[in-house]
Amino acid sequence: MSVTLYHNPSCSKSRATLALLEANDVKPEIRLYLEQGPSSKELEQLLSMLGMDDARNLMRKGEDAYKLEQLANIHLTQSELITAMVNHPQLIERPIVIHQDQARIGRPPESVLEIL
């Protein structure tokens, strides 16, 4: 089973999601997305797999970069929002689990089990 985890080891939800996967005998490919950020194309695919029409739904709105880049501006295009996440991967909600053509955000961690 090919499973990818967009992981931030300093995040308790991300660590809990990894532990849950391992407890279910799933050994995910770990992607430390803060070090190896996704491309625009990968983010577009993630949004589609998550069923999200608005890139803001994948953003952590409490991050400093969200405020500094004025990403709450309703006039920004989806492309501009995606570019902001490419430039500031800490904006991406975490953790994200990908399996086949589906993805889930691990909030709560148990939600990722839906796609396994």
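Me: A strand is a DSSP run of E with at least two residues, and strands are numbered from the N terminus. With that in mind, where does Pro108 lie in this predicted model?

Reply: Pro108 lies in the segment after β4. The label β4 belongs to residues 102-105, a run that satisfies the minimum of two residues for a strand.

Me: What makes the peptide bond from Arg107 to Pro108 cis?

Reply: The omega angle of this bond is near 0°. Most peptide bonds are trans. A second cis bond joins Arg94 and Pro95, with omega at about -15°. Pro95 is located in the loop between α4 (78-87) and β3.

Me: How many helices and strands does the chain have, and in what order do they run?

Reply: There are 4 helices and 4 strands. Read from the N terminus, the order is β-α-β-α-α-α-β-β.

Me: Why is the chain called as compact as a globular protein of its length?

Reply: The globule rule gives 13 Å for 116 residues, and the radius of gyration of the chain is 14 Å; the two values are close, so the chain is as compact as a globular protein of that length. Along the principal axes, the C-alpha atoms fill a box of roughly 45 × 25 × 25 Å. Buried residues account for 44% of the 116 residues. Among contacts with a separation of 6 or more, 61% are between residues 24 or more positions apart.

Me: How do you know that β3 and β4 are paired, and which way do they run?

Reply: Pairing requires at least two bridges between two strands. Strand β3 (residues 96-99) is joined to β4 by 4 bridges, and the strands run antiparallel; the requirement is therefore met. One of the bridge pairs is Ile96 with Ile105 in β4. The two strands form a hairpin with 2 residues between them.

Me: Which residues make up the covered face of β4, and which the uncovered one?

Reply: Ala103 and Ile105 form the covered face, whereas Gln102 and Arg104 form the uncovered one. Ile105 thus combines a place on the covered face with a bridge to Ile96.

Me: What is noteworthy about the phi angle of Gln100, and why is Gln100 called exposed?

Reply: Gln100 has a positive phi of about 55° although it is not a glycine. Most residues other than glycine have a negative phi. Gln100 sits in the loop between β3 and β4. Its relative accessibility is 64%; exposed means over 50%, so Gln100 is counted as exposed.

Me: Why is Gln70 called exposed, and where is Gln70 found?

Reply: Gln70 has 58% relative accessibility, and the cut-off for exposed is over 50%, so Gln70 falls in that class. Gln70 is found in the loop between α3 (64-68) and α4. Its phi is near 55°, a positive value in a residue other than glycine.

Me: Why is Ala84 called buried?

Reply: The relative accessibility of Ala84 is 8%, whereas buried means under 20%; Ala84 therefore counts as buried. Ala84 has its place in helix α4.

Me: With which residues is Ala84 in contact, leaving aside its neighbours within four places in sequence?

Reply: Ala84 is in contact with Met59, Leu71 and Leu91. Contact means heavy atoms within 4.5 Å, so each of these residues has a heavy atom within that distance of one in Ala84. From C-alpha to C-alpha, Ala84 and Ala65 are 8.6 Å apart in space, and they are 19 residues apart in sequence.

Terms used
Residues numbered from 1 in each chain as written. Predicted model: local features only at pLDDT ≥ 70, side-chain atom pairs only at ≥ 80, totals over all residues. Heavy atoms only, no water. Rg over C-alpha atoms; globule rule 2.2 N^0.38 Å. Buried < 20%, exposed > 50% of the residue type's maximum accessible area, 1.4 Å probe, protein only.
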